[in-house]
Amino acid sequence: MVRNIKCKPTNICMIIFMLCLSVRFVEYFLIETDKTAIGENVLHKVVGIIFLALALKQINLSWRDIGFQRNSFVSGILKGLLLGSVCFAVSFGLELAIFILQGNPAHLEIYISSFSLTGSQMKNTDFVFFLLCVLFNIVNVWMEEGVFRGLFLKTLSETKPFMQANFIAAFLFGIWHIVMPIRSYVNGEMSFAAMVLMGIGYIILAGIMGIKWGLLYRITGNLWAGLGDHLFNNTVATNMLHVVSQNGADELQIVRIMAAQIISFAFVIAIHTYRTTNVR
């Protein structure tokens, strides 16, 4: 198949990134879908998938070419879900232990909430909300993995070493997430200093996650393992399973997520290093 590339790979990535980021800002600041009955900003993810499909058509790539192979779907997803569940089991345990040491025993509860930097007030237990949560997060991870790992790594790796391409994609993934603290600051829910601190933290944390999922892409040759791990992080660990103490719910959620991601990052780095060393 003849490739039809009218601009450099870096430019392609930046164009798609800026288009997706612009729509993300519009939804977060103007539409605010997460404050409606839907409870999630999912519209810009749908638009992002459309942008991705148009970009693939423009440069003559298929979904398979960027990591969505059919033959490894089930095994890849299961591996990703297993990685996420094991690492978050450890981080949930650590979180509960911290509360016990503070003399504030906590317990786990299952319900649907929307992710919020300042504490979500949403709490639903109806089956339809669980179904919508899974559906919306599938759209979420399909768009983010398809764009940031699939398209970006595929195109950037054509002119750059893989690790350099992976760092660029991960950095953009970090920038992608700073819209949340910016909105919290604009809405008066967060001070400027807290916004800056949270923004830097997001770039680092999302960057680590992006590097990890990029390495999983390289190790497995597809996006499914990273997508499964990403899905567990967003669906179960963030929206479904909560730690509730006397002071409220999910006080240490960001600590829980960071702990799990550092553990899984170390594991993936070890696997990648082992395989790279053996190949050499």
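The exercises below, each with a worked solution, concern a predicted model.

**Exercise 1. Find which residues have the most contacts inside the largest nonpolar core, and which helix gives the most to this core.**

Solution. Begin with the core itself, which has 55 residues, and in which F148, L151, F152 and W176 have the most contacts. Next, turn to the helices: α7, residues 192-220, gives the most to this core, with 9 residues. Finally, set apart a second, separate core of 5 residues, which includes I112, F129, C133 and M240.

**Exercise 2. Determine whether K45 is buried or exposed, and describe what surrounds its side chain.**

Solution. First place the residue: K45 lies in helix α2, residues 43-58. The relative accessible area of K45 is 4%, and because buried means under 20%, K45 counts as buried. Then look for a polar partner, which is found in N140, whose side chain makes a polar contact with the side chain of K45 at 2.6 Å. Leaving aside neighbours within four places in sequence, K45 is in contact with R24, V139, N140, M143, E144 and W176. The last step is to read the environment from the side of W176, which, with neighbours within four places in sequence again left aside, is in contact with F17, C20, L21, R24, H44, K45, M143, E144 and F148.

**Exercise 3. Compare the span of helix α5 with the expected one, and list which of its residues are buried.**

Solution. Helix α5 covers residues 162-176, and its 15 residues should span 21 Å at 1.5 Å a residue. The C-alpha atoms at its ends are 21 Å apart, which agrees with that expectation. The buried residues of α5 are F162, A165, N166, A169, A170, L172, F173, G174 and W176. In reading such a list, recall that an α-helix has 3.6 residues a turn, so residues three or four places apart point the same way.

**Exercise 4. Describe how α7 and α8 meet.**

Solution. Take the geometry to start with: the axes of α7 and helix α8, residues 224-240, come within 8 Å and cross at roughly 145 degrees. Then identify the residues, with M209, K212, W213, L216 and T220 on the α7 side meeting A225, G226, D229, H230 and N233 in α8. Sorted by character, the residues of this contact divide into 4 nonpolar, 4 polar and 2 charged.

**Exercise 5. Follow the chain through α3 to P105, and find what P105 is in contact with.**

Solution. Helix α3 has 29 residues and reaches 42 Å from its first C-alpha to its last, close to the 42 Å expected at 1.5 Å a residue. Among its buried residues are G76, L83, F88, F92 and F99. After α3 comes G103, whose phi is positive, near 75 degrees. P105 then lies in the loop between α3 and β1 (107-110), and at 53% relative accessibility P105 counts as exposed. Leaving aside neighbours within four places in sequence, P105 is in contact with F99 and S245. The C-alpha atoms of P105 and Q246 are separated by 7.6 Å, although these residues are 141 residues apart along the chain.

**Exercise 6. State where E32 and D250 are placed, and what their phi values are.**

Solution. E32 is placed in the loop between α1 (9-31) and α2, and although E32 is not a glycine, its phi is positive, at about 50 degrees. D250, in the loop between β3 (248-249) and α9 (253-279), has a positive phi near 60 degrees and is likewise a residue other than glycine. As for accessibility, D250 counts as buried at 17%.

Definitions and conventions. Residues are numbered from 1 along each chain as its sequence is written. This is a predicted model: local features need pLDDT of at least 70, side-chain atom pairs count only at pLDDT 80 or more; totals for chains, interfaces and linings use all residues. Side-chain values use heavy atoms; hydrogens and water are left out. A nonpolar core is a set of buried Ala, Val, Leu, Ile, Met, Phe, Trp, Tyr and Cys residues joined through side-chain atoms within 4.5 Å. Buried means under 20% relative accessible area, exposed over 50%, partly exposed in between (1.4 Å probe, protein chains only). Helices (H or I, at least four residues) and strands (E, at least two) are DSSP runs, numbered from the N terminus. Contact means heavy atoms within 4.5 Å. Axes are lines fitted to C-alpha atoms, for helices over the stretch in contact, and angles run from 0 to 180 degrees between N-to-C directions. Ala, Val, Leu, Ile, Met, Phe, Trp, Tyr, Cys and Pro count as nonpolar, Asp, Glu, Lys and Arg as charged, and the others, Gly among them, as polar. The expected span of a helix is 1.5 Å times one less than its number of residues. A polar contact is a pair of N or O atoms within 3.5 Å; within protein, one must be able to donate a hydrogen and the other to accept it, and residues adjacent in sequence count only if both atoms are side-chain atoms.
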